[in-house]
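User: I am new to this structure and would like to understand the terms applied to its residues. Please set each value against its definition.

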Amino acid sequence: MSRPRIGLALGGGGARGMSHIPVLQAFDDLGVKPDVIAGSSIGALLGAGYAAGLSGNELHELAVSTFRNRNALLAKLWQLRPRRIADVFGGGIGQFDPLKVLHLFAGGRLPDRFEDLKIPLTVVATDFYGCAEIDIQTGPLAPAIAASIAIPAVFRPVKLQGKVLIDGGVANPLPFDRLPDTCDIIVAADVVGVPVPRPGKHLPTTLDALFGASQILMRSITQEKLKQREPDVIVRPDVGNIRVLDFMKTRGVLDAAAPLREEVKRRLTAALDKQLSQ
C-alpha cells in the first residue's frame, strides 16, 4: 500500500512564523516529506526553503544566524535604504522593497522558478486592487514570495502578473484550503496569534493597533474556513507575546515553539496509521 499523500499549510504571522521550523523538523524526524505545500507570507518563504531541499535543521540554523547579531542585521538593512528623495516620500513611510530583502537574506538558497522545487508549492498573495486571493504555482519564484511577504506599511507592494500584490495573509492567513483534494492528510500550522497588551500599557501603540487589527481579521478568516473543513493536524505555537516584526527574538520563538516538533510527530503518526488501517 502506498503512503497517504500529505499536504502542508504554513500560515502567515511575521516573526511568529519561525514556529514553522519545528513543524518541518518533525517531518524530517519521521523521514517523510509533504507531497505539496501551500504558504502565506512567512509561511511561503519557509515553505519555499523546505520545498527547495533545505532541511528543518538547516532552516533553524539559517534563522538563528540571520537574526543573531542586531548590528549585522541593521547593516544589511541599511543597504536597502531609499537612495533618492523621491523614494523616501513615494512610499509614504519608507517601505522596504520585499524583493531586495528576499535577495539579501535568501539569495542563492532558492531556485529561480517554481518548476525547480523538489516539492510542489503554492504561494498565496493578495491582489490589492482586485480584492482577491492570488495563488501562484509556476514561473519565477522570488517575485511570488516577495509579494506574499509584502506586509502593508512595512514592504512595498509587488507588481506581478499585471497586478499589484500584497501580503498573502490578508486574504488567506492559513491556506490549507489551497491544498489539492488528492491529499489524504492535511497538516496546518497557524501562527497568526492574538493581540497581547504590552506591560504597563493601558492602550495599544499605533503599530500594535495596526498589526493587532490585522490579527483579528486574519483569525476571523481562518475561523470561518474551519467551519467548512478542519485539517487533520492543526497546531498553534505558544508565542502570543511575539509581535509581527520581532525577528530579533527568533531564538526565543524557536525555543517556545520547540514542543511542536514532538506534537506534530505524534499527531501525524496517528493520522498516517489511521489512513493505512482503512
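Analyst: Buried means under 20% relative accessible area, exposed means over 50%, and partly exposed lies in between (1.4 Å probe, protein chains only). The model is predicted: local features need pLDDT of at least 70, side-chain atom pairs count only at pLDDT 80 or more, and totals for chains, interfaces and linings use all residues. Residues are numbered from 1 along each chain as its sequence is written, and side-chain values use heavy atoms, without hydrogens and water.

User: Why is Glu262 called partly exposed?

Analyst: Glu262 has 47% relative accessibility, and the range for partly exposed lies between 20% and 50%; therefore Glu262 counts as partly exposed.

User: Why is Ser19 called buried?

Analyst: The relative accessibility of Ser19 is 1%. Buried requires a value under 20%, so Ser19 counts as buried.

User: What makes Glu262 and Lys265 a salt bridge?

Analyst: A salt bridge is a side-chain nitrogen of Lys or Arg within 4 Å of a carboxyl oxygen of Asp or Glu. The side chains of Glu262 and Lys265 meet at 3.1 Å, N to O, so the pair satisfies the definition.

User: How do you know that Asp135 and Arg178 form a salt bridge?

Analyst: Their closest N and O atoms are 2.7 Å apart, and the limit is 4 Å. Asp135 lies in strand β4 (residues 132–136) and Arg178 in the loop between β6 (163–166) and β7 (185–189), so the pair ties together parts that are 43 residues apart in sequence. Strands here are DSSP runs (E, at least two residues), numbered from the N terminus.

Notes:
Helices (H or I, at least four residues) and strands (E, at least two) are DSSP runs, numbered from the N terminus.
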